[in-house]
Amino acid sequence: MSDMVPSLPFPMHPKMHGDQAPAFTAKEDEEERRHIQKVQNAFQYYRRYAYLRVNKTEDYLNSLSIEDQRLLSKYRKHLNNVRRCIDGNQSVIREILRDRVLYPTGDGDADIELEEAPDHVRHGDMDQTNFLVDAHDDDDDDVIADDVEPLKILKAQSTLKLIARDWSAECAVEREQSYKPIIDSIEEYYKPSDYALNEIKILVPGAGLGRLTYELACRGYACEGNEFSYFMLIASNFVLNLCDYENKHVLYPWVHQYVNNMRRADQVASVRFPDVCPVRNPPKGNIEMAAGDFLEVYKTPDAYNCVATCFFIDCANNVIDFIRTIYKILVPGGIWVNLGPLLYHYSDINGQNSIEPTYEDLIIIMESVGFDILSSRSGIRTKYAQNPLSMKQSEYQSLFWVCRKPPNNYEQPNQRQQRQQQREEEDQRPNNEPPDLIVNQSNENDLDFETEAKQT
């Protein structure tokens, strides 16, 4: 698909490991296109199924006594405002799908089917309410289906909230909670004064809407975002490549929150995006977004100087697979910076296997795989796609760590102590000859920030 988008400033393409490419058949390519089409269909169904929730409330309102309806007259007008906001969101969705540069289709939308969606569940999906679909709604949308799996519509709704999280001024504080510790640690380790930043390759798995990837590239690093979800890829492609000026679009990300509202205006509050226009403010460093499953795509050893994960590692059935892969693809001396909770998305998903190691288990796993834990903290207060006006404010006490894949000449502290003891013993021998091998000691200047990990 990369040959379809040569004019885009920030390329987006499926990415395959070299071993996968020969086996990628035309049939599998067609399956991929069908999957993208299904994601587009879920976006197109957005307004129809959002209306069902409003209609249900309005039907009940109409069944109340005349006196109760009189008391709720302003609330009735509010429901009409909710519909207008849903219409506004649908207009944005039409813009997102309009050019289809990344995902062209040739047959229009006449015969649309919406089958099972991927089972990947995001943090933003967890607080949504499932609903069933009435296939015989009288809405005049172009597409009709007998039923739709609720998770697909929830993913479309969550994508709108994540656009607000990553690309609106209203969510700047939330972004700073999650992204600033990661960016600061990378800049501290790979200082602009010490490195040619365009040669420092950073991978951001689970890149979502692409803001962290963009921010790192703006600082001069060569940054690659990886994303499995085409909901995220379609939306991030729109923001990164097709929004041609700041705050061009209006979105109503909280319109689906019917509870915990202080004021009617809070549910229909708008945000504008993007607060920064990547097209007009291209980053100093290279940036690209790659589609594909992290474990399937990234198998080349010693490929990246840094892996930055934010709200990502708990998206695995087996988190050890993620940790081993991150270790493998880092160059010796490269770092892994992580921030996020341990929600473990597959923990209660029917038909999915899952392990849920605790933080102390993860420390053991990371050290056993080979990582040096340079810095580790808990209790980092972070929110994820939260409505700042809601009476309910949920936040995580997130984990944060910086790990290093040891350099090739690196020795563990106990190994250095043993070698020093051997040297002292050799120095005491008569006629001691110079050693045949000079072992480089680790350079204290390699790491300027405080090491908080316990020494083994």
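Which backbone oxygen does the side chain of Q267 reach at 3.5 Å? The legends below start there and then move on to other parts of this predicted model.

**View 1. Q267 and the polar partners of its side chain.** The backbone oxygen in question belongs to Q257, and the side chain of Q267 gets to it at 3.5 Å. That same residue, Q267, also has a side-chain to side-chain polar contact with H78, at 2.8 Å. To find your way here, look for helix α9, which covers residues 264-267 and holds Q267.

**View 2. The wider surroundings of Q267.** Is Q267 buried or exposed? Q267 counts as buried because its relative accessible area is 4%, and buried means under 20%. Setting aside residues up to four places away in sequence, Q267 touches H78 and V82, along with W254, V255, Q257, Y258 and N261. H256 is 11 residues away from Q267 along the chain, and their C-alpha atoms sit 7.5 Å apart.

**View 3. T159 on helix α5.** Here we switch to helix α5, made of residues 150-167, where you'll find T159. With a relative accessible area of just 1%, T159 is buried. Which residues does T159 touch, if you skip those up to four places away in sequence? They are F43, F231, M232 and A235.

**View 4. The largest nonpolar core.** This one takes in 75 residues, and the members that touch the most others are I182, I186, I202, L216 and F273. Helix α8 (residues 230-242) chips in the largest share of this core, with nine residues. There's another core lying apart from it, with 28 residues that include V297, I323, L330 and I363. As a bit of background, nonpolar side chains tend to be buried together in soluble globular proteins.

**View 5. A closer look at I186.** I186 is one of the core residues that touch the most other members. What does I186 touch, not counting residues up to four places away in sequence? The list runs through I202, L216, Y221, C306, A308 and V337.

**View 6. P192 in a loop.** For the last stop, find the loop that runs between α6 (172-189) and β2 (201-205), since P192 is located there. Leaving out neighbours within four places in sequence, P192 is in contact with E187 and L197. How far apart in space are P192 and Y221, C-alpha to C-alpha? The gap is 9.5 Å, while in sequence P192 and Y221 are 29 residues apart.

Notes:
Residues numbered from 1 in each chain as written. Predicted model: local features only at pLDDT ≥ 70, side-chain atom pairs only at ≥ 80, totals over all residues. Heavy atoms only, no water. Helix = DSSP H or I, 4+ residues; strand = E, 2+ residues; numbered from the N terminus. Buried < 20%, exposed > 50% of the residue type's maximum accessible area, 1.4 Å probe, protein only. Contact = heavy atoms within 4.5 Å. Polar contact = N/O pair within 3.5 Å; in protein donor to acceptor, adjacent residues only side chain to side chain. Core = buried A, V, L, I, M, F, W, Y, C linked by side-chain atoms within 4.5 Å.
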